[in-house]
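Hi,

Here is the structure I said I would pass on. Have a look at it first, and then read my notes below.

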Amino acid sequence: MRRFRIRRTLTRLAITVLVLTLVVVGTVAAIVGYGVYKDRRDLAAAVPPRPAEPDYRPALSAVVPGIAPTAGGVETQIAGALRNPDLGDLTGVIADATSGTVLWQRGSERPRTPASTTKVLTAAAALLTMPLDSRIATTVVAGPRPGDVVLVGGGDPTLRAGATSLFSDAPKISDLIAQVKRKGAPIERVLVDTSHYVGSDFAAGWDRADIAGGDITPIGPLILDSGRIKPAEDYSPRVPDPALAAGRALAAGLGLPASAVIAGSAPQGAAPLASVSSAPLSTRLHDALVHSDNVLAETIGRELAIASGQPASFDGATRAVLGALRGGGFDLTGVELSDTSGLSSLNRIPAKVLDAVVTAAASPAKPQLRPLLDLLPVAGATGTLADRYVTANRPGAGFVRAKTGSLSGVSTLAGYVTGRDGAVLTFTLMSSGTPVDVARPAMDAVTAALRGCGCGAAP
């Protein structure tokens, strides 16, 4: 099961004391005003077994005609859940996916820290701009002198080092090794070329402690397993030097020591020796949203920047996202982005913007965005919603699909749900001021209540 991700923060207490606030799901104790979370693995042992699920046969069905949700019906349905003080400082919006009519809102124009729901904007911008079948190549070319090869990063962090990967259809570095070996030339050095990206490898509002915490690695075009030291573990610590780590993996496969790996550049017109390609964009978007992988979201942002004629940098990626959405007709008043993953504490997005994107995806007005609906985790089943709606808020299991977001003291949720009357409702909920493991069930209760909605009247 996937665990939720909260940003780790390094807090100075007095002059000589450093306190690392470790953020994982669990029980909260307030110490000097900061939340300290019990390790989720300890908590998991106490969770009762998941109830047996009915036979699950995924299928699409049309929205029931004649169902028109009303504001009064929705407000009555969620009134009890909204009284929960665990929601903290809550803003949000609920809309009818069919008509786009807003049925409930609270402070929906107020810019808030979005956390990983930022990925909804990144995915939407990519869908509006790039072909779903676009792929990224990682190549090996001949180096500047005999015995040199250059590993050239193209921006695919799903390239895998071993037999397992969190990512779908991930290319293998072993295939690069095999192709180089077939050339038969002796190899003495491996150079790593990261010139495909420009600018800083770390965004404003990020914390270097998050590398060891498992949330991020420095962003470059050459990364193995999204930087994870343990590729099959979602919350594995990540490497601080991803390009060199990738080069060392290639070198090891060629029988070279780690000392044979250095930074370098591919010569102009260098002869190609090997190449592998990523899964298509549609697959990578799915993995980025379902696993809420920050590195994959950032590299998709760079891919979008290049496709839009922007520099392959943090600034270029955020400008490309905002430009694509404005070009798609979205009002982005109040939106400020420092990254395309949502890890930055400096990002600001109003709830109405997030919900407008989800609602557009559910309507016929923006057919390019329709795949977004299938990129979101399923409550009680997949990705970052796999362990939610399981022991509480069970009515939402299998019916709520949403992108989650978590930073220290911030919880967000943006997606859609089908009510029992067949109407489709979109929602965005943004909470702060209460611990994440308290706020999340409270937000889930609101969306589970929407699943029980018979909130409309036939016209």
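Before the helices, one definition: angles between axes under 35 degrees count as roughly parallel, over 145 as roughly antiparallel, 65 to 115 as roughly perpendicular, and the rest as oblique. The axes themselves are lines fitted to C-alpha atoms, for helices over the stretch in contact, with angles running from 0 to 180 degrees between N-to-C directions. Helices (H or I, at least four residues) and strands (E, at least two) are DSSP runs, numbered from the N terminus.

You should also know that this is a predicted model, where local features need pLDDT of at least 70 and side-chain atom pairs count only at pLDDT 80 or more, while totals for chains, interfaces and linings use all residues. Residues are numbered from 1 along each chain as its sequence is written, and side-chain values use heavy atoms, with hydrogens and water left out.

First, the overall picture. The chain has twelve helices and 16 strands. Of its 459 residues, 54% count as buried (buried is under 20% relative accessible area, exposed over 50%, partly exposed in between, with a 1.4 Å probe and protein chains only). Contact here means heavy atoms within 4.5 Å. Among the contacts with a separation of 6 or more, 67% are between residues 24 or more positions apart.

Now the helix pairs. Two packed helices are described by the angle between their axes and the distance between the axes. Helix H3 (residues 118-129) and helix H7 (residues 281-290) have axes that come within 10 Å and cross at roughly 175°. H3 and H7 are therefore roughly antiparallel to each other. On the H3 side the contact uses Lys119, Ala123, Ala126 and Leu127, and on the H7 side Leu281, Leu285, Ala288 and Leu289. By class, that contact has seven nonpolar residues, no polar ones and one charged (Ala, Val, Leu, Ile, Met, Phe, Trp, Tyr, Cys and Pro count as nonpolar, Asp, Glu, Lys and Arg as charged, and the others, Gly among them, as polar).

Leu127 of H3 deserves a click. Leu127 is buried, with a relative accessible area of 7%. Leaving aside neighbours within four places in sequence, Leu127 touches Leu132, Leu285, Gln368, Leu369, Pro371, Leu372 and Leu375. The C-alpha atoms of Leu127 and Leu304 are 9.7 Å apart, with their positions 177 residues apart along the chain.

Leu304 brings us to the other pair, since it is one of the H8 residues that meet H9. Helix H8 (residues 294-307) and helix H9 (residues 314-327) have axes that come within 8 Å and cross at roughly 75°. That makes H8 roughly perpendicular to H9. From H8 come Glu298, Gly301, Arg302, Leu304 and Ala305, and they meet Phe314, Gly316, Ala317, Ala320 and Val321 in H9. This contact has six nonpolar, two polar and two charged residues.

Next, the rings. How many aromatic pairs does the structure hold? There are two, counting rings of Phe, Tyr and Trp (its six-membered ring) whose centres lie within 6.5 Å; planes under 30 degrees apart count as stacked, over 60 as edge-to-face and the rest as tilted. The rings of Phe202 and Trp206 have centres 5.1 Å apart and planes at 85°, so this pair is edge-to-face. Trp206 also pairs edge-to-face with Phe314, at 5.2 Å centre to centre and 85° between the planes. Trp206 sits in the loop between strand E10 (189-193) and helix H5 (209-213), and Phe314 in helix H9, so the pair ties together parts that are 108 residues apart in sequence. Ring pairs thus link Phe202, Trp206 and Phe314 into a cluster. Phe202 is buried at 9% relative accessible area, and both Trp206 and Phe314 are buried too.Two charges sit over rings (NZ of Lys or CZ of Arg within 6 Å of the ring centre and within 35 degrees of the ring normal). Arg302 lies over the face of Phe314, 4.1 Å from the ring centre, and the charged end of Lys366 is over the ring of Phe330, 5.8 Å from its centre.

Last, the backbone. Most residues other than glycine have a negative phi. Ser226, however, has a positive phi near 55°, and Tyr389 one near 65°. Ser226 is buried at 0% relative accessibility, and Tyr389 is buried at 2%.

Cheers
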